[in-house]
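User: Could you walk me through the reasoning behind a few labels in this structure? I would like to see how each term is earned.
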Amino acid sequence: MSNIVVIGAGQAGSSLVAKLRNLGFDGKITLIGEETAPPYQRPPLSKKYLLGEMDLERLYLRPESFYTENDIELRLCTTVTGIDTAAKQVMIGDEAVPYDQLALTTGSSPRYLPAAIGGDLDGVYVVRDLKDVDAMAPECVEGKRVLIIGGGYIGLEAAAVAASKGLQVTVVEMADRILQRVASPETSDYFRALHKGHGVDIREGVGLETLLGDGRVTGARLSDGSELEIDFAIVGVGIMPAAGLADAAGLEIDNGIKANELGQTSDPSVWTAGDCASFPYKDGRLRLESVPNAIDMAEVVAENMLGADKTYVPTIWFWSDQYDVKLQIAGLNTGYDRIITRPGDNENGVSFWYYQGDTLLAVDAMNEARAYMVGKRLIDMGKSPDPAAIENPATELKALLKA
């Protein structure tokens, strides 16, 4: 009987094992995770869960009983210490767990501040997993002062929660503008205005020099020489693919665990999916940090582990919730050379359409679900409407799908 082991009990790992059983695989499945909770949703951690609007069990991707009922051995609180690809064994300390096929769905890890600038002080948090948010939650008390380091989506989502709970919030972003790495100036302008409207102090072009405090953080010195008194800090300076196990096992690494178009690593018995995996895309390689990619790639990998020989082609979309604004993103904006702005029909609604020449690349839609859905379908279909039609509020967007 075939034996499949999956390392990483997050969105991708849970999706992969569920798909294997759904496809009729009746061999042994072992899903290994380091955390205490069964696989859960991460996006609500920095939103509804931190706000207290979602309890723990609602975070679970599937009831804990699902794994027992489907004869999936779920090993929580378990750290894999190595992989012996020659012997086809996963090492958990002195224990060797054999496999016929192995999948690495190890996700990503947050970047931490160096201890030399106060990164190891008490009261300094990252937002990545359940224990991070559970540790941070008692700090989120009305009137407290929080410094958020990093003006990307994680930092801004945390800022929105903190401001909504009545904290005094300062965001520092060392780049010229918030969201500079991932979005247009127009999208940055939109969210800057949104946060300032909720009392958030956003400082762009300003980095952190050091956090201050003896044992616990009490302040921060910024790169412009200013100092802040703070009660705690949240670090949102990006994530890295969790590829250490794969690297130590001798698998090829290329901006994450290198996979072919099937999701197979340089070892044909080892597969990968999710945040940790890079895969062929157009003329290069791509690694996506998103829930849709984790689910879709994991399900394709499950099929391929059973012999489907199916190429993974991602459908690229993301989202972010901040205050009463839902941002929905379709496509990848890399290489855009102009932005087309379409006024919205809803409160705070607008959409920004990214073009490279005459080619539509991506859409950022704020409180504009219709613009997002049409934009996503156009991108998936390879259609690029006349920018003038997008810009004209009189244009019926759905009609562009038939043009």
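User: Why is S290 called buried?

Analyst: In this predicted model, S290 has a relative accessible area of 11%. Buried means under 20%, so S290 is buried.

User: Where is S290 found, and which residues does S290 touch?

Analyst: S290 is in the loop between β21 (284-286) and α9 (291-305). Leaving aside residues up to four places away in sequence, S290 touches D275, W317 and F318.

User: What makes the pair formed by S290 and the backbone nitrogen of N293 a polar contact?

Analyst: A polar atom of the S290 side chain lies 3.2 Å from that nitrogen of N293. The cut-off is a pair of N or O atoms within 3.5 Å, so this pair qualifies as a polar contact.

User: Now to the sheet. Why do β3 and β19 count as its edges?

Analyst: The order in this open sheet of five strands is β3-β2-β1-β7-β19, with parallel pairing. β3 (72-75) and β19 (270-272) each have a single partner strand, so one side of each lacks a neighbour in the sheet. From one strand to the next, the twist averages 20°.

User: How do you know that β1 and β7 pair?

Analyst: Strands pair if there are at least two bridges between them. β1 (residues 3-7) and β7 (residues 101-104) have four bridges, in the parallel sense, so they pair. Within this pair, I7 stands opposite L104 in β7.

User: Which strands does α9 touch as it packs on the sheet?

Analyst: α9 touches β1, β7 and β19, and its direction makes about 160° with that of β19.

Technical notes: Residues numbered from 1 in each chain as written. Predicted model: local features only at pLDDT ≥ 70, side-chain atom pairs only at ≥ 80, totals over all residues. Heavy atoms only, no water. Helix = DSSP H or I, 4+ residues; strand = E, 2+ residues; numbered from the N terminus. Buried < 20%, exposed > 50% of the residue type's maximum accessible area, 1.4 Å probe, protein only. Polar contact = N/O pair within 3.5 Å; in protein donor to acceptor, adjacent residues only side chain to side chain. Contact = heavy atoms within 4.5 Å. Axes fitted to C-alpha atoms, helices over the stretch in contact; angles between N-to-C directions.
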